[in-house]
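Me: Could you take a close look at one part of this model with me? I'd like to start from a single helix and work outwards.

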Amino acid sequence: MASAAVEYSGTTCVERCDLELQRSHEEHIAENELTTLGKIAGTERLDEGHMQYGCSHYRRRCRIRAPCCNEIFSCRHCHNEAKNSISIEQKLRHDIPRHSVEKVICSLCDTEQEARQVCENCGVCMGRYFCGICKLFDDDTSKEQYHCNGCGICRIGGSKNFFHCNKCGCCYSALLKSSHPCVERAMHQDCPVCFEYLFESRNDVIALPCGHTIHKACLEEMQEHYQYACPICSKSVCDMSKVWEKFDLEIAATPMPPYCENKMVWILCNDCGRNSEVKYHVVAHKCPDCKSYNTRQTRGLGR
């Protein structure tokens with residue numbers, strides 16, 4: 001299961017989405033829909049073993065047979081961790097496509113069967129939440145799982161709290177519906193820091209003010225090392241005005257030697273994109289348009 005949806009980092013949004021965004025969430029069989037099944041199989045039997053089986057990823061009462069290697073695992077994440085271990089020969093490492101799982105094994109009676117919510121042999125519910133598309137079973141419904149048709153996968157956090165952006169190709173918090181920065185297929189890329197594929201990542205993901213996405217933990221690690229620019233486009237990831245004021249004071253306290261006082265250089269501002277000719281200074285160069293010091297020198301010393 002992928003993380004709930006994308007958060008947004010920044011105090012203001014840099015642009016508004018110009019598309020008509022529509023929610024394409026589809027709820028699947030969950031705890032409140034087991035009443036009918038309970039009348040058929042018996043509520044006690046359905047609940048037997050609830051939250052007592054599973055792995056570190058899911059509490060569930062079934063295991064899966066991986067169609068790629070025909071081995072049995074608690075879930076696809078357990079398979080992927082095992083089959084991508086450094087102990088496995090590199091050419092044999094692989095992931096299991098979530099939608100290709102067809103066979104499951106009941107944890108209570110060990111009956112192998114087609115993926116379904118209720119065991120055909122013993123009548124136990126193998127997962128309070130069940131998605132027939134993703135072949136996802138989970139007894140812990142406090143996650144508020146839901147299937148997003150737009151993403152094509154199950155996410156957590158409750159469908160009422162998120163919407164799917166067709167341009168970005170992912171789910172965002174409903175609070176950002178009219179103000180998130182749209183970047184085409186923003187989530188369909190690797191994290192620029194750790195290189196994990198963000199779309200299916202189980203770790204929290206953040207959308208930067210520029211629209212690019214990154215793991216929340218990776219952004220925090222960047223900031224611990226005083227890195228405040230997007231690794232992809234170099235725009236500032238937060239309000240840096242207080243920092244720029246300190247740069248002003250530092251430059252005022254650091255006069256250049258006479259032979260450099262009138263030297264000029266061309267700079268490109270990473271925040272507003274403007275090219276400018278400014279006085280050279282050893283500390284930093286300030287964009288005359290947006291007053292940002294997030295700039296880079298594009299030409300050497302001029303006159």
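Which residue follows H4, and is its phi positive or negative?

Reply: Happy to. The residue after H4 is Tyr-226, and its phi is positive, near 60 degrees. Helices here are DSSP runs of H or I with at least four residues, strands are runs of E with at least two, and both are numbered from the N terminus.

A word on the basis of all this: the model is predicted, so local features need pLDDT of at least 70 and side-chain atom pairs count only at pLDDT 80 or more, while totals for chains, interfaces and linings use all residues. Numbering runs from 1 along each chain as its sequence is written, and side-chain values use heavy atoms, with hydrogens and water left out.

Now H4 itself, which spans residues 216-224: its buried residues are Cys-218, Leu-219 and Met-222. Buried means under 20% relative accessible area, exposed means over 50%, and partly exposed lies in between (1.4 Å probe, protein chains only). The three buried residues sit on the same side of H4 because they cover an arc of only 100 degrees around the axis, the arc being that of the directions from the helix axis to the C-beta atoms. An α-helix has 3.6 residues a turn, so residues three or four places apart point the same way. On the other side of H4, Ala-217 and Glu-224 are exposed. The cover over the buried residues includes strand E13 (205-207) and strand E14 (213-215), where contact means heavy atoms within 4.5 Å.

H3 makes a good companion to look at, with six of its eight residues buried. Those are Arg-76, His-77, Cys-78, His-79, Asn-80 and Lys-83. Strands E3 and E4 (72-73) are among the elements that cover them.

H3 also takes part in a salt bridge, that is, a side-chain nitrogen of Lys or Arg within 4 Å of a carboxyl oxygen of Asp or Glu. Glu-81 pairs with Arg-202, their closest N and O atoms being 3.9 Å apart. Glu-81 belongs to H3 (residues 76-83) and Arg-202 to the loop between strand E12 (170-173) and E13, so the pair ties together parts that are 121 residues apart in sequence. Glu-81 is partly exposed at 47% relative accessibility, and Arg-202 is partly exposed at 43%.

E3 has a salt bridge too: Arg-65 pairs with Glu-112, with 2.7 Å between the closest N and O atoms. As Arg-65 lies in E3 (residues 62-65) and Glu-112 in strand E6 (residues 112-114), this pair ties together parts that are 47 residues apart in sequence. Glu-112 is partly exposed, at 35%. A search of the whole structure gives 15 salt bridges.

Finally, the interior. The largest nonpolar core has 52 residues, and the members touching the most others are Met-126, Leu-136, Cys-168, Tyr-172, Leu-208 and Ile-214. Such a core is a set of buried Ala, Val, Leu, Ile, Met, Phe, Trp, Tyr and Cys residues joined through side-chain atoms within 4.5 Å. Another core lies apart from it, with five residues, among them Met-240, Trp-244, Ile-251 and Ala-284. Leaving aside neighbours within four places in sequence, the contacts of Met-126 include Cys-62, Val-104, Cys-106 and Phe-137.
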